[in-house]
Amino acid sequence: MERKTMILLLCMAATAAYGQTDGETTSPADSLRMDSIIHALPEVMVKGQRPVVKVEGSKLVYDMPQLLKKEGVENVYDALKLIPGVTDDNGTLKLAGSGFNVLLNGKHYQMDAAQLNALLKSLPASRLKHAEVMYTTPARYEVRGASINLDIASDSSQPDGWQGELTGAWNQNHEAMWSERGAFLYHHNKLDIDFNYEHDHGKSYSTTDETSLHALNDGTTHDIVTDEAQRSRDHKHLWRMGLDYAFTENHRLSLSYTGSYNTEHAREDVTGNVTAVNAYRTKKKMHDVMLDYQLPTGTTLNAEYTYYDTPSTQRLTSVLPTGELHFNTDEHQRINRWKFHLGQEHSLAGGWGLNYGVRYSLTNDHSWQTFTPTGDNTAANPTDSYSRQNEDIVNVYAGTNGKIGQKVNFEASLAAEYYQPEFGIRIES
């Protein structure tokens, strides 16, 4: 089965820099007026000669070292929560109550939310220079909706040699969780090399009591009262290595590699009207390699490859009011994704700019789930399933930005996307 889709997207953003003229630095009061979601300004934001936030085009640019000056923040994830309007909703960061995209040095990495959050928590806050808040993200950044671009590039003004820091954490609830992190940076002339590693490990324990009235399709109802106890043991490894070489100010080559390896052993014991023992084991592996080349002509070449593999096994023994279940489950998901980008930017007269480019991505998702009976299954017996999905996406975009008069910064972009999926599903009884 094939389906072809064409999507057109128009993004427009305008900001008014009140009283701002060319060459002037926006004052804190002028800049903060642009952020309509701020209700109470921190004291640090109204002191000193250097503004904490200013308007640049359609972006609000926060000076993170200034914002972090009086805060005991260790990693980039926690630093994000200090930006006005950013909140943490049970481990999910939101901007003005809605989700947003996170960009690293203007690049969007092919990671899910959990992997990206883990990476942000592994990066020290001392590496963060600026945070660019965009409530409507221009098409050249590849994402839609709101986003925050984090500038974590090394400081070329630092002396040559190595810098680094080591941190550790201990979180004690019912069981203990431990975390060790190391971050190292090497700078020499035009070369920067960075390395980050984080190891999280420990145990967790939780209980759940459930009372329900369960109705079946045959019209019967069952009173279900259960007590559940969940125990797990986790090991998580995350590492990132980056290399950046600046030939000149606008001529730069960057290479980064991010990887993770997580193992989890969990067991669930259920007693009551329903009894069950469910043992679960999984391993998650992720590798992401990105190469980025920026030329003095405004041309950008980018290539990225991501590999994600999640095998897991489950052993279930359960007695239900309607029967019994005894089987082992083998689940597996394997994803390969390639992405290529060619972009061009021009600086025009009068402070205007023009940008355009094309992106292509190819994704292969191969998943399967099989069941092996380990006893007499008197309830419904699950069926094996296999699926394969390929996606081809071509995205073409163009945009412009500039100033209207002395008070309004304007940016508009147009994107067209061609999407062709191909599915294959097989179910075996």
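This report walks through the strands, the nonpolar cores and a nonpolar surface patch of the chain above.

The model is a predicted one, so it helps to begin with the overall picture. The chain contains 4 helices and 19 strands. It has 429 residues, and 39% of them count as buried. If we take the contacts with a separation of 6 or more, 63% are between residues 24 or more positions apart. About 23000 Å² of the chain is exposed, with carbon and sulfur atoms supplying 54% of that area.

**Three strands in a row**

A good place to start looking is strand E10, which pairs with E9 and also with E11. The table sets out the two pairings.

| Pair | Residues | Sense | Bridges |
|---|---|---|---|
| E9 and E10 | 161–172 and 176–188 | antiparallel | 12 bridges |
| E10 and E11 | 176–188 and 191–215 | antiparallel | 12 bridges |

Both pairs are hairpins: E9 and E10 have 3 residues between them, while E10 and E11 have 2 residues between them. In the turn from E10 to E11, Asn-189 has a positive phi of about 55 degrees. To find your way along the strands, look for Gly-161, whose bridge partner in E10 is His-187. On the other side of the pairing scheme, Glu-180 stands opposite His-199 in E11.

**Inside the chain**

In soluble globular proteins, nonpolar side chains tend to be buried together. Here, the largest nonpolar core has 37 residues, and among those with the most contacts inside it are Tyr-62, Met-64, Ile-83 and Phe-100. Helix H3 (residues 76–80) gives the largest share of this core, 4 residues. Another core lies apart from it, with 6 residues that include Val-270, Ala-276, Leu-316 and Phe-327.

Which residues does Met-64 touch, leaving out those up to four places away in sequence? They are Ala-79, Ile-83, Leu-128, Lys-129, His-130 and Ala-131.

**A nonpolar patch on the surface**

Some nonpolar side chains are found on the surface instead. Ile-193, Leu-243, Tyr-245, Phe-247, Leu-255, Val-289 and Leu-291 form a patch there, and together they have about 510 Å² of accessible area. Strand E12 (221–248) and strand E14 (275–294) are the elements that each give two or more residues to this patch. The largest share, 3 residues, comes from E12.

Phe-247 is a handy residue to inspect, and its place is in strand E12. Why does Phe-247 count as partly exposed? Its relative accessibility is 31%, and partly exposed covers the range between under 20% for buried and over 50% for exposed.

Methods: Residues are numbered from 1 along each chain as its sequence is written. This is a predicted model: local features need pLDDT of at least 70, side-chain atom pairs count only at pLDDT 80 or more; totals for chains, interfaces and linings use all residues. Side-chain values use heavy atoms; hydrogens and water are left out. Patches are made of residues with over 30% relative accessible area and no salt bridge: like charges are joined within 9 Å, nonpolar side chains (Val, Leu, Ile, Met, Phe, Trp, Tyr) within 5 Å. Accessible areas come from the Shrake-Rupley method with a 1.4 Å probe; for residues, only the protein chains shown count as cover. A salt bridge is a side-chain nitrogen of Lys or Arg within 4 Å of a carboxyl oxygen of Asp or Glu. Buried means under 20% relative accessible area, exposed over 50%, partly exposed in between (1.4 Å probe, protein chains only). Contact means heavy atoms within 4.5 Å. Two strands pair if DSSP finds at least two bridges between them. A nonpolar core is a set of buried Ala, Val, Leu, Ile, Met, Phe, Trp, Tyr and Cys residues joined through side-chain atoms within 4.5 Å.
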